[in-house]
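Visitor: Hi! Could you walk me through this one? I'm new to reading structures.
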Amino acid sequence: MANFFSKAEVTSSGRPVLLRSEVECHLLSSVDLEPEDHHNFSPLKSGLLILTTHRLLWLPSSSASTPTSAAAIPLPAISHIFSSKKSLKSMFHSPRIRFQVLVSPDGRVFDPGSGSGSGSGLGSRSVVLTAVVRGKGDCDGFLGKFWDSWRARAWETNETSGSGSSSVSGSGTGTGTGTGTGGGLYSSDGSVRMVGVAGILRKEQELWESTDKSLQDAFQDLNALMSKAKEMVMLAEKMRQKLLSGTNSQASATNDEDMGSKEEMQDWLLSVGIISPVTKESAGALYHQQLSRQLADFVRTPLERAGGMINLIDVYCLFNRARGTELISPDDMLQACSLWEKFDVPVMLRKFDSGVMVIQNKSHSDEEVFVRIKSLVTKPEALRSGISPSDAAMTLGIAPAMAKEHLLTAESTGLLCRDVSPDGFRFYINLFPEIDPRDVYLVKDYGICDTWIKAVSTSGLR
Amino acid sequence: MRRRPGIGGLQTAAAARDQYRLLGENVAKLRTDLMKEQLATFRSQLEEFARKHKNDIRKNPAFRSQFHEMCAKVGVDPLASNKGFWAELLGIGDFYYELGVQIVEICLSTRPLNGGLIDLQELCKLLRQKRKHDREAVSEDDCLRAISKLKTLGSGFEVISAGKKKLVRSVPTELKKDHNEILELAQAQGYVTVDEVERRLSWTHGRAIDALDTLLDEGLAMIDDGHSDGKRRYWFPCVSSISSFGADS
């Protein structure tokens, strides 16, 4: 049955892996996917239905224990969407969305990406599928978005830009062909190429005039910008490339202003991130749940860079930056983080007594730290004179306050014991677990106790 | 160009090449200037649109991602809400959230220089630079209000008063590495002075004082005011007694 659909990739926290420039539009929960007449696959029960600009995705709900894999239907494979019939019967049923899907000769959903279908799927059969919405989702809203995405044919524009993007730095496809001469005034050995100088100048001028014009056209109103969006994105990319390379090559001409704008550019590059942010509008009631998963996926890179632990507020900034205009509030952020306990994600939220909240890797857990502390306190020097929080801080590479926190936790689990003196806190390895209560004077000639005795006695000799 | 023999020929060729190069440079310069001009138009238009059509942009997910891409590529901050009446009165709306994100961003980017401690005035100045197309300038009060919105996310971000100045601390004690550096510095003599910390680590006064105060609170440092030169010394008993230990571990 899984063979019927195209396969959809899912991240470790259960979010769909989207294609290049694919954007989520709407989500519905507890949806069944059933075949109408042909029994091509057994029905998919109560999963999450996600509509994107390119595909229709069905993810099994996390509570279901059966390992059904995520399924995908490319929108180009859909040949018809039936409008919902309003009848008395439909009022008592769960809302249904019916659509027709092209099937390639080998009995699978027609996938234009695989190239298996010859032409536009002519001669292949089609199957009617029904999505039964059992949850309380906005079914009509979904249907409307379904129509919009299907008609917008985003996958087609994507294909053309995919082939065009490689040549963006060279000749822009939208704004004239003269850009090819950019940087080409000189041949590779630095001498001037012998072409008509006047010709180059004229071309240059034409190019600038056309760019000016397209800028003016695009920014007339919002609709104009929407229809020219693709072109403008490419223009932006071209300008960025030129400005960055221009300041590099003309080292003599760099002044403060140049450097400033260049820095600004690079600054911003870092913040491009989430192409399809989860929003209240698209996810509806699933908002916090999906947000939580997206955040878990997102936070891993900054977390790695920060060494396994990062301030929650820093993540709030980075996450919002990656989302562009789709800001989330601190409350939503906190809620998303607290939902992590329910999902199987590799990160966790941690609160300190001081009220500070951080996100940390689960692998960066107490157990791992305890192992390192133990190896630290069993060194001969430390057996003799113990360790202070600052020693631990320097060897573990963490802040003293943090180190003290770890040492106190280690003490409470019985790994360490403390000595309070004018020097402050010092911690020693706890020897009591090794002492046999039936024979307290027995000294075993192995174990930490023995090493301790040796270490202390050698210091006594000194 | 036809090649002519002799020194004269070579000189003419060289002169011609120079002239071409000069022309090329002029064209290149002209091109850069023109492009900057167009980039400026592009930017201001995008900013205008981000402000005016914010809600329309958000309604269309596919266009939204393209709009973000444009903004990111030419370096426009898409966060440009006006404060507006309701934000002013009740503190609702996106304005203060946007400000909060921008404030944290400034703190993040200046952190390598100041260790996560920034003067509120300085912060305001940088914020105004970021929002230079805003009609009304952002006040210190706005900053404080935006920071208070971040309280939900824990106490990792706070405003502290040092004399007349207000400082914003963005790195909580638990994650701060400044203390380690002071401890390392103290290993040589067993103590440090504020001057020494500022000079050796090239920190600002505020940063040094803040770090030393925290170490005092933590019980790691002790004050000695009794020295003849009148400078306060911060002793670190924990490092001085076992200075050999820290080195070999």
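Guide: Happy to! Let's begin with A:Glu206, which counts as partly exposed because its relative accessibility is 47%. Keep in mind that this is a predicted model.

Visitor: Okay, where does A:Glu206 sit?
Guide: A:Glu206 belongs to helix H4 of chain A. A:Glu206 also helps form a negative surface patch, together with A:Glu209, A:Asp212 and B:Glu37.

Visitor: Which helix gives the most to that negative patch?
Guide: That is helix H4 of chain A, residues 197-218, which gives 3 residues.

Visitor: Are there nonpolar patches to look at too?
Guide: Here is one to find: A:Phe432, A:Ile435, A:Val440 and A:Tyr441 make a nonpolar surface patch of about 500 Å². You can locate A:Phe432 in the loop between strand E13 (424-429) and helix H16 (447-461) of chain A.

Visitor: Is A:Phe432 buried or exposed?
Guide: Exposed, because the relative accessibility of A:Phe432 is 62%.

Visitor: Let's change topic. How many salt bridges are there over all chains?
Guide: The count comes to 20 over all chains. One of them pairs A:Lys45 with A:Asp32, where the closest N and O atoms are 3.6 Å apart. A:Lys45 is in strand E3 (residues 44-52) and A:Asp32 is in strand E2 (residues 24-35), both of chain A, so this pair ties together parts that are 13 residues apart in sequence.

Visitor: And is A:Asp32 buried or exposed?
Guide: A:Asp32 is buried, with a relative accessible area of 2%.

Visitor: Which salt bridge crosses between chains?
Guide: Take B:Arg64 and A:Glu326, whose side chains meet in a salt bridge at 3.2 Å, N to O. This pair crosses between chains: B:Arg64 is in helix H3 (residues 61-74) of chain B, while A:Glu326 is in the loop between helix H10 (312-323) and helix H11 (330-338) of chain A. Both B:Arg64 and A:Glu326 are buried.

Visitor: Got one that stays inside a helix?
Guide: Try B:Arg21 and B:Asp18, which form a salt bridge with their closest N and O atoms 3.7 Å apart. Both lie in helix H1 (residues 6-52) of chain B, 3 residues from each other, or about one turn of the helix. B:Arg21 is partly exposed at a relative accessible area of 32%, and B:Asp18 is partly exposed at 48%. Elsewhere, salt bridges with shared partners join A:Asp32, A:Glu34, A:Lys45 and A:Arg134 into one network.

Visitor: Nice! What does chain B look like overall?
Guide: Chain B has 12 helices and 6 strands. Of its 249 residues, 47% are buried. The accessible surface of chain B comes to about 12,600 Å², and 51% of that belongs to carbon and sulfur atoms. Among contacts in chain B with a separation of 6 or more, 53% are between residues 24 or more positions apart.

Visitor: Can you show me a buried residue in chain B?
Guide: Sure, look at B:Phe157, which is buried with a relative accessible area of 2%. B:Phe157 is in the loop between helix H7 (140-149) and strand E2 (158-162) of chain B.

Visitor: What does B:Phe157 touch?
Guide: Leaving out residues up to four places away in sequence, its contacts include A:Ile313 from chain A, along with B:Ile103, B:Val104, B:Cys107 and B:Ile147. B:Phe157 is also 7.0 Å from B:Pro172, C-alpha to C-alpha, although the two are 15 residues apart in sequence.

Visitor: How about B:Lys231, where is that?
Guide: B:Lys231 is in the loop between strand E5 (222-224) and strand E6 (233-235) of chain B. B:Lys231 is partly exposed, with a relative accessible area of 41%. Setting aside neighbours within four places in sequence, B:Lys231 is in contact with B:Asp195 and B:Asp224. B:Lys231 and B:Thr193 are 38 residues apart in sequence, yet 7.1 Å apart in space, C-alpha to C-alpha.

Visitor: Last thing: what about backbone angles?
Guide: Two serines are good ones to check. A:Ser30 has a phi near 35°, which is a positive value in a residue other than glycine. A:Ser30 lies in strand E2 of chain A and is partly exposed at 28% relative accessibility. B:Ser202 has a positive phi as well, near 45°.

Visitor: And where is B:Ser202?
Guide: B:Ser202 is in the loop between helix H9 (194-201) and helix H10 (205-217) of chain B. B:Ser202 is exposed, with a relative accessible area of 61%.

Conventions. Residues are numbered from 1 along each chain as its sequence is written. Chains are lettered from A and ligands numbered from 1 in the order in which they are written. This is a predicted model: local features need pLDDT of at least 70, side-chain atom pairs count only at pLDDT 80 or more; totals for chains, interfaces and linings use all residues. Side-chain values use heavy atoms; hydrogens and water are left out. Patches are made of residues with over 30% relative accessible area and no salt bridge: like charges are joined within 9 Å, nonpolar side chains (Val, Leu, Ile, Met, Phe, Trp, Tyr) within 5 Å. Accessible areas come from the Shrake-Rupley method with a 1.4 Å probe; for residues, only the protein chains shown count as cover. A salt bridge is a side-chain nitrogen of Lys or Arg within 4 Å of a carboxyl oxygen of Asp or Glu. Lys and Arg count as positive and Asp and Glu as negative; His and the chain ends are not counted. The place of a charge is taken as NZ of Lys, CZ of Arg, CG of Asp or CD of Glu. Helices (H or I, at least four residues) and strands (E, at least two) are DSSP runs, numbered from the N terminus. Buried means under 20% relative accessible area, exposed over 50%, partly exposed in between (1.4 Å probe, protein chains only). Contact means heavy atoms within 4.5 Å.
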